[in-house]
Amino acid sequence: MSATRPPLSPLARQLSAVASVTAQAAGALGAVATLLCLVLVAYSVGARYLAGLPQPWIDKAAGWLVVGLVLLAAPEAQRRFEHIGVDVLTERLKGRAARIMRLLGTLSVALVAGILLSAGLEAVEFSRMIGIMTEIEGVPVWWIQAMLPLGAALLLVVSLAQSVILALGQDPDFLPDGSEELPRDTLARGE
């Protein structure tokens, strides 16, 4: 984030706040999923190797939690512009061209999030309709599938907020300005 960044307009400030709250709430849920996964795996290891009582359901639940934490971490990664991007191109562009490329990037994330949201809602609806259950008794598949539209909706909110801020000609929070480049020491250059 640039130190000489001009103040945001009231609309941009509100959108930035919405993106921030959305991403941080998702990140907090992702942190809870991470801790729960850690506790479950530790319990599983202890039950299996110390008590001789393997708990196969934990492997499934831990896998679902990993999917959930990835989906819940995506909005914060997007808000901080820490996602995978084509930096080689955007770093070389300046001014309006750079803004247009960043806008195209945030809009493409919004498009993908919209597609994931739609597909996730369809999957949940279908699973609920036919009543598919997981291998764990009493846990319907749609409970697990609901993580996809939830994560996609949160990512959509953040990427659309960033897109509107960029379209207003302003810089969203954490917009890279080139000063964040990692130092290139002799080890990294292979010297």
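## A tour of the helices, cores and hollows

Begin with the whole chain in a cartoon view, where the secondary structure comes to six helices and zero strands, so that, by the rule that elements are numbered from the N terminus, the helices can be followed in order as α-α-α-α-α-α. Keep in mind throughout that this is a predicted model. Of the 191 residues of the chain, 32% count as buried, and if you switch to a surface view, the accessible surface comes to about 12000 Å², with 69% of it belonging to carbon and sulfur atoms. Among contacts between residues at least 6 apart in sequence, 75% join residues at least 24 apart.

**The largest nonpolar core**

Next, select Ala33, Cys37, Leu40, Ile58, Ala61, Ala62, Trp64, Leu65, Ile136 and Val139, the ten residues that make up the largest nonpolar core. Two elements each give two or more residues to this core, namely α1 (10-49) and α2 (56-79), and the largest share, five residues, comes from α2. In soluble globular proteins, nonpolar side chains tend to be buried together.

Now centre the view on Ala62, which touches Cys37 and Val41 when residues up to four places away in sequence are not counted. Apart from the largest core lies another core, this one of eight residues, which include Leu8, Ala12, Val158 and Ala161.

**The second largest pocket**

Which residues line the second largest pocket? Select Leu36, Ala61, Trp64, Leu65, Val139, Trp143, Ile144, Ala146 and Met147, and you will have its lining on display, around a pocket with a volume of about 190 Å³. The elements that give two or more residues to this lining are α2 and α5 (141-145), and α2 gives the most, with three residues. If you colour the selection by class, the lining shows nine nonpolar, no polar and no charged residues. Ala61, Trp64, Leu65 and Val139 are among the residues of this lining, and they also belong to the largest nonpolar core.

**The cavity**

For the last stop, look inside the structure, where a search of the whole model finds one cavity of 30 Å³ or more; the volume of the largest cavity is about 60 Å³. To see what surrounds this space, select Leu15, Ser16, Ala19, Arg79, Ala161, Gln162, Ile165, Pro172 and Asp173, which line the largest cavity. Here the elements that give two or more residues are α1 and α6 (147-167), and the residues of the lining divide into five nonpolar, two polar and two charged. Ala161, one of these lining residues, is also among the residues of the eight-residue core visited earlier.

Terms used: Residues are numbered from 1 along each chain as its sequence is written. This is a predicted model: local features need pLDDT of at least 70, side-chain atom pairs count only at pLDDT 80 or more; totals for chains, interfaces and linings use all residues. Side-chain values use heavy atoms; hydrogens and water are left out. A nonpolar core is a set of buried Ala, Val, Leu, Ile, Met, Phe, Trp, Tyr and Cys residues joined through side-chain atoms within 4.5 Å. Buried means under 20% relative accessible area, exposed over 50%, partly exposed in between (1.4 Å probe, protein chains only). Helices (H or I, at least four residues) and strands (E, at least two) are DSSP runs, numbered from the N terminus. Contact means heavy atoms within 4.5 Å. On a 1 Å grid over the protein atoms alone, a cavity is a set of points where a 1.4 Å probe fits but cannot get out, and a pocket is an open set with protein on both sides within 12 Å along at least five of seven lines; lining residues have an atom within 4 Å of a point. Grid points are joined across faces, edges and corners, and a volume is the space filled by probe spheres set on the points. Ala, Val, Leu, Ile, Met, Phe, Trp, Tyr, Cys and Pro count as nonpolar, Asp, Glu, Lys and Arg as charged, and the others, Gly among them, as polar. Accessible areas come from the Shrake-Rupley method with a 1.4 Å probe; for residues, only the protein chains shown count as cover.
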